[in-house]
Amino acid sequence: MLEFAVPGGHPVLAPMSLRIAQGDRICLLGPSGIGKTTLLNRLAGLEPGQPRPALRIGYLFQEHRLLPWRTLHDNLRLVGVRSDQVSSLLSQVGLDGYGAHFPDQLSLGMARRAALARCLAVRPELLLLDEPFASLDPHRATELQALIRKLLDRTPHMAMICVTHELRDAAALANRVWYLAGRPAHLRHDGNLGDTPAAVADLARQLETLGQESSAQVRAQQPRTLGPEAADGQR
């Protein structure tokens, strides 16, 4: 479906080659600030001077990015949805009857669902989700997670990459896990995710070990600074 490469010299990401197949459900994990959103942006073709991938992409950003002065109906019309299709699209994400509402009249979870409806409007072949459960309370996060899983089941050929900090999200949504770590960020793990609690627990241990090893390598690469006493001794 998509073969993707990061060339050498990228300021955040190490060189890497990735292959995404139809139906892949990938969760991308790694420490905060490591480059997960940067990788997602590059996959979407959003970095300066980068060509757009030759497939339809829906991107749910961390912020919903709905126009606040437009109703949900009008926000969807702006991406090409016909008026007679808006209600059906909002119904798919649990927002039936909310077409006349403005984004500021919605909770964060509802606004994210509206933004998800906008993603689905393009009938994406690849759905990118950047921390869709961040800042949601556990109940709302579980609701959105169930909705995403239902949408994925309806469109088995669509691939998904979801940035998250929680392996439990991967256990609920993914059949494959990527793990980024290091400076610059390397893809330290790319493997299928088993569907048993024991397999998830084993993967959690592997990722924790990878994270510790990467942190130690980063610390070892940092220049050592001399304390005042040591510096005086070298004068």
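**Notebook: two domains and two backbone oddities**

I began with Pro184, which I placed in the loop that runs between β7 (176-181) and β8 (186-192). I then looked at the bond leading into Pro184 and noted that the peptide link from Arg183 to Pro184 is cis, its omega being near 0°. I keep in mind that this is a predicted model, and that most peptide bonds are trans.

I turned next to Arg65, which sits in the loop between β4 (57-60) and α2 (72-77). For Arg65 I read a phi near 60°, which is a positive value in a residue other than glycine. I set beside this the general remark that most residues other than glycine have a negative phi.

I looked up the domain assignment of the protein chain and found domain 1 given as 2-56 + 124-218, with domain 2 given as 68-123. Where the two domains touch, I noted 16 residues from domain 1 and 11 residues from domain 2 in the contact. I also took the distance between the C-alpha centres of domain 1 and domain 2, which is 26 Å.

For the interface itself I recorded a buried area of about 1100 Å² between domain 1 and domain 2, with carbon and sulfur atoms giving 68% of that area. I searched the interface of domain 1 and domain 2 for salt bridges and the rule found 0, whereas for polar contacts the rule found 4 residue pairs, both residues of each being at pLDDT 80 or more. On the side of domain 1 that touches domain 2, I listed β5 (126-130) and α5 (138-154) as the elements that give two or more residues. Of these I marked α5, since the largest share of that side of domain 1, 5 residues, comes from α5. Sorting the side of domain 1 that touches domain 2 by class, I wrote down 11 nonpolar, 1 polar and 4 charged residues.

Last, I checked the UniProt record, an unreviewed entry, whose annotation "domain: ABC transporter" covers residues 2-207. Over residues 2-207 I noted that the chain is 35% helix and 20% strand, and that the end C-alpha atoms are 25 Å apart.

Conventions. Residues are numbered from 1 along each chain as its sequence is written. This is a predicted model: local features need pLDDT of at least 70, side-chain atom pairs count only at pLDDT 80 or more; totals for chains, interfaces and linings use all residues. Side-chain values use heavy atoms; hydrogens and water are left out. Domain bounds come from an automatic or database domain assignment. Contact means heavy atoms within 4.5 Å. Buried area is the accessible area (1.4 Å probe) that two parts lose on being put together, summed over both. A salt bridge is a side-chain nitrogen of Lys or Arg within 4 Å of a carboxyl oxygen of Asp or Glu. A polar contact is a pair of N or O atoms within 3.5 Å; within protein, one must be able to donate a hydrogen and the other to accept it, and residues adjacent in sequence count only if both atoms are side-chain atoms. Helices (H or I, at least four residues) and strands (E, at least two) are DSSP runs, numbered from the N terminus. Ala, Val, Leu, Ile, Met, Phe, Trp, Tyr, Cys and Pro count as nonpolar, Asp, Glu, Lys and Arg as charged, and the others, Gly among them, as polar. UniProt positions are given in the numbering used here, feature names are shortened, and annotations may be inferred rather than shown by experiment.
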